[in-house]
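Please look over the sequence and the model shown here before reading on. The report takes up the fold, the strand pairing and the empty spaces in turn.

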Amino acid sequence: MNRLKIALLLLLAALLLLTASALADEAENLTAGCTVKVVDKTGKVKSITDGKYTMFWGSSKRKEPWVTISSEKPIYGLYLCFRNLPESYVIQKKDGEDWVTVAEGDPLYYHAYYELDGLKKIRILSTAEKKNVLGFNEIYAFGEGETPDWVQRWQPPAE
């Protein structure tokens, strides 16, 4: 009987270790510690990072609306949940005084995930030729590690 108890305890300990190591590999959600700035309508900016998908922020209709995200910790993943998806947009990093494009946005998907190289300041910029509204239900920033399972990663359908 004692051997059975010891075996069960060892099995339980092994399962706990496996679970702990699996969780340790998941990327840290940095969103709460980020500073978000928007082109205008700053009163609703907290809606972008409040975790409540029913709340949103949207810019006024204008040329090249933008949102910047700054973090003290490096950002390795950016998950965008659009409310108003522009015809075209880019993800940029701050390089001295200039903004440099690191990814072209995909205007097909309202949810988009981008892998980044440990950036601390990011800008999402609408590059549409005409005046437009840029709006988000949520934006999430992640540290280094595995992308959380709940992040949607849309792909084009197979031919």
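What follows describes a predicted model, beginning with the chain as a whole and ending with its cavity.

## Overall architecture

The chain is made up of 1 helix and 7 strands, and their order along the sequence follows the pattern α-β-β-β-β-β-β-β. Of the 159 residues in the chain, 38% are buried, and the accessible surface amounts to about 10200 Å², with 54% of that area belonging to carbon and sulfur atoms.

Contacts in this chain reach across the sequence to a degree that can be stated as a share: among those between residues at least 6 apart in sequence, 75% join residues at least 24 apart.

## Strand pairing around S6

Strand S6, which covers residues 111–126, runs antiparallel to strand S3, residues 66–84, and 11 bridges join the two. Within this pairing, Cys81 has His111 of S6 as its bridge partner.

S6 also pairs in the antiparallel sense with strand S4, residues 89–95, over 5 bridges. Here the bridge partner of Tyr89 is Ser126 in S6. The two named partners in S6, His111 and Ser126, carry the numbers at which the residue range of that strand begins and ends.

## The largest pocket

The largest pocket has a volume of about 160 Å³. Its lining consists of Asp106, Tyr109, His111, Ala112, Tyr113, Tyr114, Arg153, Trp154 and Gln155, and these residues divide into 5 nonpolar, 2 polar and 2 charged.

His111 links this lining to the strand pairing described above, since the residue belongs to the pocket lining and is also the bridge partner of Cys81. Ala112, Tyr113 and Tyr114, likewise among the lining residues, fall within the range 111–126 that defines S6.

## The largest cavity

Rolling a probe the size of a water molecule over the atoms shows where empty space is left. With a threshold of 30 Å³ or more, the count for this model comes to 1 cavity, and the volume of the largest cavity is about 30 Å³.

Thr31, Cys34, Val36, Thr49, Ile69, Ile139, Tyr140 and Ala141 form the lining of the largest cavity, which divides into 6 nonpolar residues, 2 polar and no charged. Strand S7, residues 135–142, gives the most to this lining, with 3 residues. Ile69, another of the lining residues, lies within the range 66–84 of S3, the strand that is joined to S6 by 11 bridges.

Key
Residues are numbered from 1 along each chain as its sequence is written. This is a predicted model: local features need pLDDT of at least 70, side-chain atom pairs count only at pLDDT 80 or more; totals for chains, interfaces and linings use all residues. Side-chain values use heavy atoms; hydrogens and water are left out. On a 1 Å grid over the protein atoms alone, a cavity is a set of points where a 1.4 Å probe fits but cannot get out, and a pocket is an open set with protein on both sides within 12 Å along at least five of seven lines; lining residues have an atom within 4 Å of a point. Grid points are joined across faces, edges and corners, and a volume is the space filled by probe spheres set on the points. Ala, Val, Leu, Ile, Met, Phe, Trp, Tyr, Cys and Pro count as nonpolar, Asp, Glu, Lys and Arg as charged, and the others, Gly among them, as polar. Two strands pair if DSSP finds at least two bridges between them. Helices (H or I, at least four residues) and strands (E, at least two) are DSSP runs, numbered from the N terminus. Buried means under 20% relative accessible area, exposed over 50%, partly exposed in between (1.4 Å probe, protein chains only). Contact means heavy atoms within 4.5 Å. Accessible areas come from the Shrake-Rupley method with a 1.4 Å probe; for residues, only the protein chains shown count as cover.
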